[in-house]
Number of protein chains: 2
Amino acid sequence: MSLPHILLGLLDEPASGYDLKKIFERALGHFWAAELSQIYPTLKQLERRGWLDVRTAPSEKGPSRRLYQRTDTGTQVLCEWLTDGPEVGTERLTWLAQVFLLSEIGGPGRALRFMIDLREAMAGRLAALRAVEAHWQSADPRYPDKLPDHGFYRHLTLQLGLSRMAATRDWCDDCIAQIRVRYQMPEEAA
Amino acid sequence: MSLPHILLGLLDEPASGYDLKKIFERALGHFWAAELSQIYPTLKQLERRGWLDVRTAPSEKGPSRRLYQRTDTGTQVLCEWLTDGPEVGTERLTWLAQVFLLSEIGGPGRALRFMIDLREAMAGRLAALRAVEAHWQSADPRYPDKLPDHGFYRHLTLQLGLSRMAATRDWCDDCIAQIRVRYQMPEEAA
DNA sequence: TTAGGCATGTAAGGTGTTACATGATTGC
DNA sequence: GCAATCATGTAACACCTTACATGCCTAA
């Protein structure tokens, strides 16, 4: 159970479900995805438990916005979750499972195609992350050395994301090279 | 939907649900986890669809083993899944979400404690992966340069796992150092 | 006028976890 | 005798995805 806690964590300041979805995409996209259809019911549940407060504010376009914010009880629950220590060992990297099984794809040409596509996907995600960093840098003069606490920890996760993404892209390049050598596929024949 | 495909991929050679669980722990543990209570029903489902065959073999200890193996139809389904290209963007790293929210944990002492625990967890997982590598090396004289196709791709995933795990551990060290500097916590006072 | 962004949600179904249930054998 | 390993599963619940439903406002 983590999405409720993440929402709790993000709701230090008031935000709507729709806002939260955008925060996920921008800031947490490289390690967590959440759909609106999951966010909305979860927010209601957290409100029923008394961990969030709601107020309604009119919107300029579309239906009125429901702005949620963490209560003191909510803060306590969040703090307990964090204090329980890191939750590791539940990672699920589908694309890596696919590489693991790539000998079954039906020939080195297809395996190479797969790795090239994977490399492009990683390069794209890396570019998106770099755009997030560039945007942050230009929007906040305190970036990166004088951030407040909450920015400090978020910055640490961004740094890990950037280095993991770059390392994974480089690994893809290495795999591509190894496949070409192993099956004698010169680059011009790809 | 990926677990069915992964099971299909592993069932090139006959294995029981129990065997598969151990294969998960050893070989795929760094990027996928699966419980027996999920594996057993999934295998039955795959058999009903005609993607797996079963035969029963007596066991020396405990109930008789149900040995599953991929059919030709199963191979085709697996191949289609792989040919559809890499599935990216569904990663969920709970511990990284926790770091993202670490300013709410209630003081830098606790944040430091969290990062030290995370570092230890990563170091442990890295050691486990290195043990897998060492075992493979000593058990197969073809390791690492003369492996058959199926070992070749598995080796690529192991390499990525080793480098990611080491990089993440190093990032933890870096975070720990940054927290100490930021909050003026000398190492001897930890 | 139509596509896209804003903003809310529900329903159905698939995926995954935790707890429970059974029972034999091996090693301490 | 007790715990661990072998080996199978079921049931209840929690989590997540996909598809559907509604309706306003803005810009091309």
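How much area do chain B and chain A bury between them, and what share of it lies on carbon and sulfur atoms? In this predicted model, chain B and chain A bury about 6,900 Å² between them, with 65% of that area on carbon and sulfur atoms. The legends below take the protein interface and then each DNA strand in turn.

**View 1. The two protein copies and the relation between them.** Laying chain B on chain A takes a turn of 180° with a shift of 0.0 Å along the axis, and the resulting RMSD is 0.1 Å. The two copies are thus related as by a two-fold rotation axis. Because 100% of the interface residues of chain B are also interface residues in chain A, the copies meet through the same surface.

**View 2. The interface of chain B and chain A.** In this view, 65 residues of chain B are in contact with 66 residues of chain A. Glu91(B), Phe100(B) and Tyr153(B) together supply 12% of the area that chain B buries against chain A, which is more than any other three residues supply.

**View 3. Polar pairs and contributing elements at the interface.** Six salt bridges are counted between chain B and chain A; in a salt bridge between Arg125(B) and Glu91(A), the closest N and O atoms are 3.1 Å apart. Across the interface of chain B and chain A, 28 residue pairs are found in polar contact. On the side of chain B that touches chain A, the elements giving two or more residues are helices H1 (3-10), H2, H4 (72-83), H5 (94-100), H6 (108-139) and H7 (149-182) of chain B, and the largest share, 15 residues, comes from H7(B). By class, this side of chain B has 37 nonpolar, 15 polar and 13 charged residues.

**View 4. The protein surface around DNA strand D.** DNA strand D is surrounded by 25 residues, of which Met1(A), Ser37(A), Gln38(A), Tyr18(B) and Tyr40(B) are the closest. Of the atoms of DNA strand D that come within 4 Å of the protein, sugar and phosphate account for 69%. At least two residues of the surface near DNA strand D are supplied by each of helix H3 (36-48) of chain A and, from chain B, helix H2 (17-28), helix H3 (36-48) and strand E2 (65-70), and H3(B) gives the most, with four residues. The residues of this surface divide into eight nonpolar, nine polar and eight charged.

**View 5. Side chains of chain B beside the backbone of DNA strand D.** A polar side-chain atom of Tyr40(B) lies 2.8 Å from a phosphate oxygen of DNA strand D, and an N or O atom in the side chain of Arg65(B) is 3.2 Å from a phosphate oxygen of that strand. For Arg92(B), a side-chain N or O atom is 3.5 Å from a sugar or linking oxygen of DNA strand D.

**View 6. The protein surface around DNA strand C.** Among the 25 residues around DNA strand C, those that come nearest are Tyr40(A), Ser59(A), Met1(B), Ser37(B) and Gln38(B). A polar side-chain atom of Ser59(A) lies 2.8 Å from a phosphate oxygen of DNA strand C, whereas for Gln38(B) a polar side-chain atom lies 2.6 Å from a phosphate oxygen of the strand. An N or O atom in the side chain of Arg65(A) is 3.1 Å from a phosphate oxygen of DNA strand C. H3(A) provides the largest share of the surface near DNA strand C, four residues.

Definitions and conventions:
Residues are numbered from 1 along each chain as its sequence is written. Chains are lettered from A and ligands numbered from 1 in the order in which they are written. This is a predicted model: local features need pLDDT of at least 70, side-chain atom pairs count only at pLDDT 80 or more; totals for chains, interfaces and linings use all residues. Side-chain values use heavy atoms; hydrogens and water are left out. A residue is near a molecule or strand if one of its heavy atoms lies within 4 Å of it. A polar contact is a pair of N or O atoms within 3.5 Å; within protein, one must be able to donate a hydrogen and the other to accept it, and residues adjacent in sequence count only if both atoms are side-chain atoms. Ala, Val, Leu, Ile, Met, Phe, Trp, Tyr, Cys and Pro count as nonpolar, Asp, Glu, Lys and Arg as charged, and the others, Gly among them, as polar. Copies are superposed by least squares on the C-alpha atoms of residues with pLDDT of at least 70 in both. Contact means heavy atoms within 4.5 Å. Buried area is the accessible area (1.4 Å probe) that two parts lose on being put together, summed over both. A salt bridge is a side-chain nitrogen of Lys or Arg within 4 Å of a carboxyl oxygen of Asp or Glu.
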